[in-house]
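Student: Could we go through this model together, with the criterion behind each term made explicit as we go?

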Amino acid sequence: MTSGGSAESWRHQLHQLAETAFEEHRTAEFVAEVLRSLGLDVAVGVGGTGIVGTLRRGTSERAIGLRADMDALPIRERTGLSFASRHEGRMHACGHDGHMAMVLGAAEQLVDDDFDGAVHFVFQPAEEPGRGAAAMIGAGLFDRFPMEAIFGLHNMPGLPAGVLATRPGPIMAGEENFVITVTGRGGHASAPHHLIDPLVVAAHIIVALQSIVARSVDPVDSAVISCTDITTDGARNAVPSTVRITGDARNFAPDVSTLLETRLREVAERTAQAHGATAEVSYTREFATTVNHSEATAAAVRAAARTVGEEGCDAATSPIMASEDFGLFADRVPANFTLIGNGMPGERGGVPLHSHDYQFDDAILPAGIRYYRSIVHELLAPPSA
Ligand SMILES: [Zn+2]
Ligand SMILES: [Zn+2]
């Protein structure tokens, strides 16, 4: 059975519900109801609105997890679809409705399959702000539902529809945020010699930060530092006393992450000091790097090749600088994260994620479902008679 039948209908219903981080109440009810109707054991409220459905076969103690994310974005949908979001100002613009439908579709088919062990269908809240994985882990996900590996998929506009792409090692970057507060002495714009202008200091800091990636990070490593916002308490004719610079940093490795934070603090604090000002830096780690485990990835690649053939499967795709909450699961148990093509630019699924006219392509549902099912057959094969 390869049709997207019920999965497509579930996807459209979930699309209409579109709820944002930790508010996925109706979405969670819907998912739990489908899982129960398939006869699965269902745990609700696992880290807020998180859900785990469990399907057991045979006698093996082995278990794996298949994970979907549940949250939508605070975006007003402009797709014109007949099943567009009914929730004003909320939209599944990252395709998490499609991810849920794939995992539900896999559950539906696995109910009739022969395998030996347990499959935990993990539905996590709040992927977009990077808080849902921590909430589920904090609620005992891996203690209550021990699993030897967990697998996730994300649709990807710009990749041909249905192509599966992954790699061992880092596949999605860690995200870190920073706030630099520069304090000087504000006052009348006509008397700079009586002041310490924090805006000039902030300008120096922003330019100096560009040298970290260019001059401090090993050129064979990848990193980004972007200053994304600057605010002050100044006025047209008054030099401010404080300036706040906010920004975002990405990288793939703990030593690079440490280097970025250390150099950012040094550059900000010492540049400020050179001008008689002070800089206070807050540096926070928002998303873990998603690092694919080698054995889980080998199993994922075999399942992908069984699903879409060797030619539809890229086992050595380039890592991407965007971040994914799945990284925290992968930090705790062996894991693989795979991208599934949603269509090329100009096609229905080619519109970038997080756009108000983004569309998940239903045509990729069967491939996603077959892929998940193949992973279960790959790892929980019944003992041969
Ligand atoms: Zn997203
Ligand atoms: Zn997403």
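The exchange below takes up domains, helix packing and a few single residues in turn.

Student: What kind of model is this, and how are its residues and chains labelled?

Tutor: Residues are numbered from 1 along each chain as its sequence is written, while chains are lettered from A and ligands numbered from 1 in the order in which they are written. Local features need pLDDT of at least 70, side-chain atom pairs count only at pLDDT 80 or more, and totals for chains, interfaces and linings use all residues, since the model is predicted.

Student: How many residues of domain 2 are in contact with domain 1?

Tutor: The assignment, which is an automatic or database one, gives domain 1 as 5-171 + 289-379 and domain 2 as 174-287. Their centres, taken over C-alpha atoms, are separated by 37 Å. Counting a contact when two C-beta atoms, placed from the backbone, lie within 7 Å, 9 residues of domain 1 meet a number of residues of domain 2 equal to 7.

Student: Are helices α8 and α10 parallel, antiparallel, perpendicular or oblique to each other?

Tutor: Helices here are DSSP runs (H or I, at least four residues) and strands are E runs of at least two, numbered from the N terminus. The axes of α8 (residues 294-308) and α10 (residues 365-379), which are lines fitted to C-alpha atoms over the stretch in contact, with angles from 0 to 180 degrees between N-to-C directions, come within 8 Å and cross at roughly 130 degrees. Angles under 35 degrees count as roughly parallel, over 145 as roughly antiparallel, 65 to 115 as roughly perpendicular and the rest as oblique. The relation of α8 to α10 is therefore oblique.

Student: What is the handedness of the crossing of α1 and α3?

Tutor: The axes of α1 (residues 5-17) and α3 (residues 96-110) come within 8 Å and cross at roughly 145 degrees. A crossing is left-handed if the near helix is turned anticlockwise from the far one by less than a right angle, and right-handed if clockwise. By that convention, the crossing of α1 and α3 is right-handed.

Student: Is Glu176 buried or exposed?

Tutor: Glu176 lies in strand β8 (residues 174-183), and its contacts beyond four places in sequence include Tyr283, Arg285 and Glu286. A residue is buried if 20 or more other C-beta atoms, placed from the backbone, lie within 10 Å of its own, exposed if 12 or fewer, and partly exposed in between. Because Glu176 has 21 other C-beta atoms within 10 Å, its class is buried.

Student: Which residues does Phe30 touch, leaving aside those up to four places away in sequence?

Tutor: Phe30 belongs to helix α2 (residues 25-37), and its 18 C-beta neighbours inside 10 Å make it partly exposed. Its C-alpha atom is 7.8 Å from that of Leu14, although the two are 16 residues apart in sequence. The residues that Phe30 touches are Gln13, Leu14 and Leu17.

Student: What is the approximate phi of Ala126?

Tutor: Most residues other than glycine have a negative phi. Ala126 sits in the loop between β4 (117-124) and α4 (132-138), and it is buried, with 25 other C-beta atoms within 10 Å. Although Ala126 is not a glycine, its phi is positive, at about 50 degrees.
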